[in-house]
Each structure stands twice: as structure tokens, then as C-alpha cells.
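Student: I am new to this structure and would like to take a close look at a single part of it. Please set that part in its surroundings as well.

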Amino acid sequence: MLKYLTILLDDTSISYCHYENIKEDFKLISLADLKAGIMFAIKENLIIQIVLPNYELPPEYKEVINSVEHISIISSLCEDGSLHAEADIVVFDDWIGLDLYSFKGGVIYMIRTSKYDFFERYLFLQRPLSMAARMNVILTDIKTFNKNDIEKYEKILAALSEKIEKLCLKGKSPQLNLLTNRIRLKDMNNCDKDMGNITLAPNGKLYVCPAFYLVDDIETKFSIGDLKYGLDLEISQQYKFCSTPPCQNCNTYQHINCAWLNNK
């Protein structure tokens, strides 16, 4: 059952999961497709998530976006101050600026990081944990974990759990996906590749998630439909048992990287 429509506004919009976005050329979704995507979500009673680019949007785009309730996802490096002010989710693509960022209590923050950077810099999480509504760590290379890495990871989680315990004793309610998801969630709440989520890409095509649009130069290769003709149900059902690279990676990552949507 569909729950969310993610609208990827530009080819360069930041990744908010394990997949990499290597696209460098700006390609803003057409205003017509943006309006059609929002109308599609309204008709299907879907929650709209909009992944914004780093540059300032034209006023007509902002007007359309602000006309409907939505969850906005931006990069920590976004140059548009008004988008920062209204952001629901802010994504750091590395640790740069994490120690100086002005965190807000009602916002979810995510950091995409390699295991080695995480092992070296995990203590930088203390500040956002004490200020933000939620902090998610996205390990982008978890498939490379070995026995030694797992031992380091266990020690770091133990150290972070002590930090969280101290914050709780001070009356705060810190959330960190690597630890507190196990406490707060009754059921797995992952990306739902069995069609809980779909993505509208800048080319006007529908995909299971942004990774399927960004993973290949042939942008229509993994499309599951479009706004004119709707979803191709026969294709979309295949993703329940998908073995494509994006799904293989998600199966590895989803137990620690996801489960944030229902915490919004």
C-alpha cells in the first residue's frame, strides 16, 4: 500500500540514504510535473516528501511547494536560507560543519558517513543529540565491515548509549537511529521497497526510490511508470523480490539506516 511520494526536485538533490548521487548537472523538474506529482499524491492520499536542491528555487516553485503540506529534505550546504528555515530533515554528506551547525529541536538530522569517519568522529554526535529532535547515522559502506570493524562498532555504540543515558537523566529525549529505534519501534519501519514509497524524478518518471533513478545513466531503465499513465503494477510488484543493486544494498542497510519516517 502506497504511503509516501518522494519528489526529487533536481538531479543534484542530496542523497538521504546509502546510495551515492554522482550527478553534477542541474536538472530541475518541470513546474508542470511538480504540480502533477502533487496532485497525484493528493488523489492517492500520500504523504509528500520533497528533496530540495542546494540552490535557491525560483519563486513559482516555492509557491507550488508551499501550497501543500509536505516534508522537506535539504542538504546542510543548501544556499537558500528560507529552505533551511522550513526544513524538516537536514542531511550532512560528511562531518564538515557538524560542530558549528545551528541545530533545531523540531528537525531531524542525518549524516552520511563511511565507517572509518564514524569510528574517528562519533563523539561529534553529542552536540546534535542534545539539541535536535533526532539524529540518524547512515553508514554508506557497511558491506565492507569485517570482524574488527564490528568490534569497534560495538564499543562505539556502548559509548554512545552512555551519552544518551546521561542526556535522559537531564530530562532530554535524544533519538539516534543506531540505538533508540530498537526501543521506540514496535515493527520494522524501513523504506518499504514493496511499494510503500515511490519517487517522482526530474524526468517525470516514477521509481521505487531515488536510487533507481540515480543508479544508471539510462534514466528510464528502472522506471515503474509515469504521471500520465500511472504505475506499471506488473513491474512494480517485481521489486518485492528485487535483486537489482539498489535493492541488494537496501536489504543490507535498512535495519540500521531507516525507520525514521514514523518518528517525524
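How many of the residues of β6 are buried?

Tutor: The model is a predicted one. In β6, 6 of the 6 residues are buried, and the strand is thus described as mostly covered. The cover lies on both faces: Arg134, Asn136 and Ile138 are buried on one side, and Met135, Val137 and Leu139 are buried on the other.

The position of β6 in the sheet deserves attention next. The sheet is open, has 10 strands with mixed pairing, and follows the order β6-β5-β4-β3-β2-β1-β7-β8-β9-β10. Strands β6 (134-139) and β10 (230-231) stand at its edges with a single partner strand each, so one side of each is left without a neighbour in the sheet. In general terms, the strands of a sheet pair through backbone hydrogen bonds, in either a parallel or an antiparallel manner. For β6, the partner is β5 (residues 108-113): the two strands run parallel and are joined by 6 bridges. Within this pairing, Ile111 stands opposite Val137 of β6.

Both residues of that bridge lead to Leu125. Apart from its neighbours within four places in sequence, Leu125 is in contact with Trp95, Leu98, Ile111, Phe118, Met135, Val137 and Leu160. Two of these contacts, Met135 and Val137, belong to the same face of β6. Leu125 is also named, together with Ile7 and Phe118, among the residues with the most contacts inside the largest nonpolar core, which has 77 residues. The element that gives the most to this core is helix α6 (residues 147-169), with 6 residues.

The other face of β6 includes Arg134, and this residue leads to Thr180. Thr180 is placed in the loop between α6 and α7 (181-184). Not counting residues up to four places away in sequence, Thr180 touches Arg134, Ile164, Pro174 and Gln175. Its relative accessibility is 6%, and Thr180 therefore counts as buried.

The aromatic residues add a further part of the picture. The structure holds 12 aromatic pairs. In one of them, the ring centres of Tyr101 and Tyr109 are 5.8 Å apart and the planes stand at 75°, so this pair is edge-to-face. Tyr101 and Tyr109 are both buried. Another pair is formed by Phe118 and Tyr153; it is tilted, with 6.2 Å from centre to centre and 50° between the planes. This pair links distant parts of the chain, since Phe118 lies in helix α4 (residues 115-121) and Tyr153 in helix α6, 35 residues apart. Phe118 and Tyr153 are likewise both buried. Beyond single pairs, Phe92, Tyr101, Phe103 and Tyr109 form one aromatic cluster.

Further along the sheet, strand β3 (residues 71-75) is also mostly covered, as 5 of its 5 residues are buried. Ile71, Ile73 and Ser75 point one way from β3, while Ser72 and Ile74 point the other way, and all are buried. Strands β2 and β3 pair in the parallel sense over 3 bridges, and in β3 the bridge partner of Ile50 is Ser72. An antiparallel pairing is found between β7 (residues 197-200) and β8 (residues 205-207), over 2 bridges; there, Thr199 stands opposite Tyr207 of β8.

A helix lies across this region of the sheet. Helix α1 (residues 31-43) lies across β1 (4-8), β2 (47-51) and β7, and runs at about 170° to β1. Asp33 is located in helix α1. With a relative accessibility of 23%, Asp33 counts as partly exposed. Leaving aside neighbours within four places in sequence, Asp33 is in contact with Leu200, Asn203, Gly204 and Leu227. Asp33 and Gly204 are 171 residues apart along the chain, and their C-alpha atoms are separated by 5.9 Å.

These details belong to a chain with 10 helices and 10 strands. Buried residues make up 53% of its 264 residues. Of the contacts with a separation of 6 or more, 64% involve residues 24 or more positions apart. To return to the question, β6 is a strand at the edge of the sheet, yet both of its faces are covered.

Methods:
Residues numbered from 1 in each chain as written. Predicted model: local features only at pLDDT ≥ 70, side-chain atom pairs only at ≥ 80, totals over all residues. Heavy atoms only, no water. Helix = DSSP H or I, 4+ residues; strand = E, 2+ residues; numbered from the N terminus. Buried < 20%, exposed > 50% of the residue type's maximum accessible area, 1.4 Å probe, protein only. Contact = heavy atoms within 4.5 Å. Core = buried A, V, L, I, M, F, W, Y, C linked by side-chain atoms within 4.5 Å. Pairing = 2+ DSSP bridges. Axes fitted to C-alpha atoms, helices over the stretch in contact; angles between N-to-C directions. Phe/Tyr/Trp six-rings, centres within 6.5 Å; stacked < 30°, edge-to-face > 60°.
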